[in-house]
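This report walks through a ligand site, a strand residue and several charged pairs. The sequence and the structure come before the discussion.

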Amino acid sequence: MKNQSATMFESVFAEDTHKGLTSYPKFLHSKYIYDKKGDKLFQEIMAMPEYYLTSCEFDILKQNKTDIAKIFSSENSFDLIELGAGDGKKTKLLLKELVDKNYKFNYLPVDISQNVLDELENALKDEIPQVSVKTQQGTYFETLEKLAEYNSRKKVILVLGSNIGNLSHSEAVDFLRNIAVAMSDDDMLFMGFDQKKDPQIIMNAYNDPAGITERFNKNLLVRINHELGGEFELEKFKHWETYDPETGTARSFLVSKEEQRVKIHRLELEVKFDAWESIHTEISQKYDDAIVSWLADEAGLLVERNFADSNNCFKNYIFRRK
Ligand SMILES: C[S@@+](CC[C@H](N)C(=O)[O-])C[C@H]1O[C@@H](n2cnc3c(N)ncnc32)[C@H](O)[C@@H]1O
């Protein structure tokens, strides 16, 4: 077995995979789902009728784009920094509005996936060439360390798609606190939070009959096979989703259908699975106003206002530093 010291691993992905698959219970980080194939699968998810998050947030931005753009704008040029931007499907609504109203800004999308950033940059060149865009590949936490450097003019930090829902509450407070520390009084944070709702609607969004979410979840195993010399047989794992309406936490798992051993050559590791043993892969937290206010308060932020769709399915909140 490989020495667990960080220097022995070829990448953070290798190190995290080793840690997750030698822990009990086993886990893998959802951020590693996103490579070229994972990005494409997520775009397919966004187009699914069951994945209400995208259409609800799209409607909120479409209905309120004029107000939102006005709130973002400043007398001078500002920086619009988007964390976990993805393909920018919804952000483009705001970018277009900002350009149409002649507001001066730079757009700085950040994502762990270089592939999706390249796609976004190319799409903007075609669709809204007036936008000055500078992409940055990295994780949220790596980027947040650099956020405070953008301090010469107003910052608007954008996090759409309820990306924050992939973090536990304590990680979310940490994430928000890091943002708060980097914010000046003029700066603002605009963030989407998926809301608690009928549990069946939530279950359907992460458990579609076409199996797109299953392929998305299993892309973690595909990446381990390709990048770390893994021997996972995908059909020996079942995609499983749970939702706890009390905590508002949806959780995704891959469950081993049989007792099996899986070699991962580059980690010099053989992982043993009991029959029906799970790997926890993702959380998708759901919120209400009280939880959002509590998270903000813990992080040193204040909720200034929110925008909701007509069914209160999804909300986008504006936060300022306390
Ligand atoms: C659920 S998608 C949402 C994309 C976009 N915000 C939207 O609303 O359509 C999450 C995005 O965040 C990126 N991502 C996930 N975890 C990340 C992390 N820890 N650091 C940076 N980016 C991350 C993924 O690559 C993906 O593009």
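## Charged pairs, a strand residue and the ligand site

D194 has a relative accessible area of 0% and is therefore buried. The model is a predicted one, and in it D194 forms a salt bridge with K197, with 2.8 Å between the closest N and O atoms. K197 also counts as buried, at 18% relative accessibility, because the cut-off for that class is under 20%. Through salt bridges that share partners, D194 and K197 are joined with K286 into one network.

The total number of salt bridges comes to 20, and three of them, including the pair just described, are set out below.

| Salt bridge | Closest N to O distance |
|---|---|
| D194 and K197 | 2.8 Å |
| D100 and K96 | 3.2 Å |
| K101 and E97 | 2.5 Å |

Both D100 and K96 belong to helix α4, which spans residues 91-100, and they are separated by 4 residues, about one turn of the helix. D100 counts as partly exposed at 48% relative accessibility, and K96 falls into the class of partly exposed residues at 39%. For the salt bridge between K101 and E97, the side chains meet, yet K101 is partly exposed at 40% relative accessibility, whereas E97 is buried with a relative accessible area of 6%.

Turning to a strand residue, T281 is found in strand β12, which covers residues 278-285. With a relative accessible area of 2%, T281 is buried. If its neighbours within four places in sequence are left aside, T281 is in contact with L28, H29, S30, N217, L220, S252, F253 and L254.

Which residues come nearest to the ligand? Of the 16 residues around it, these are G84, K90, D111, Y140 and G161. By class, the shell around the ligand is made up of 7 nonpolar, 6 polar and 3 charged residues.

Nitrogen atoms of the ligand also lie at short listed distances from polar protein atoms. A polar backbone atom of Y140 is 2.9 Å from a ligand nitrogen, and a polar backbone atom of I112 is 3.2 Å from a ligand nitrogen. In the case of N163, a polar side-chain atom lies 3.5 Å from a nitrogen atom of the ligand. On its own the ligand has 590 Å² of accessible area, and the protein covers 93% of this.

Key
Residues are numbered from 1 along each chain as its sequence is written. This is a predicted model: local features need pLDDT of at least 70, side-chain atom pairs count only at pLDDT 80 or more; totals for chains, interfaces and linings use all residues. Side-chain values use heavy atoms; hydrogens and water are left out. A residue is near a molecule or strand if one of its heavy atoms lies within 4 Å of it. A polar contact is a pair of N or O atoms within 3.5 Å; within protein, one must be able to donate a hydrogen and the other to accept it, and residues adjacent in sequence count only if both atoms are side-chain atoms. Accessible areas come from the Shrake-Rupley method with a 1.4 Å probe; for residues, only the protein chains shown count as cover. Ala, Val, Leu, Ile, Met, Phe, Trp, Tyr, Cys and Pro count as nonpolar, Asp, Glu, Lys and Arg as charged, and the others, Gly among them, as polar. Helices (H or I, at least four residues) and strands (E, at least two) are DSSP runs, numbered from the N terminus. Buried means under 20% relative accessible area, exposed over 50%, partly exposed in between (1.4 Å probe, protein chains only). Contact means heavy atoms within 4.5 Å. A salt bridge is a side-chain nitrogen of Lys or Arg within 4 Å of a carboxyl oxygen of Asp or Glu.
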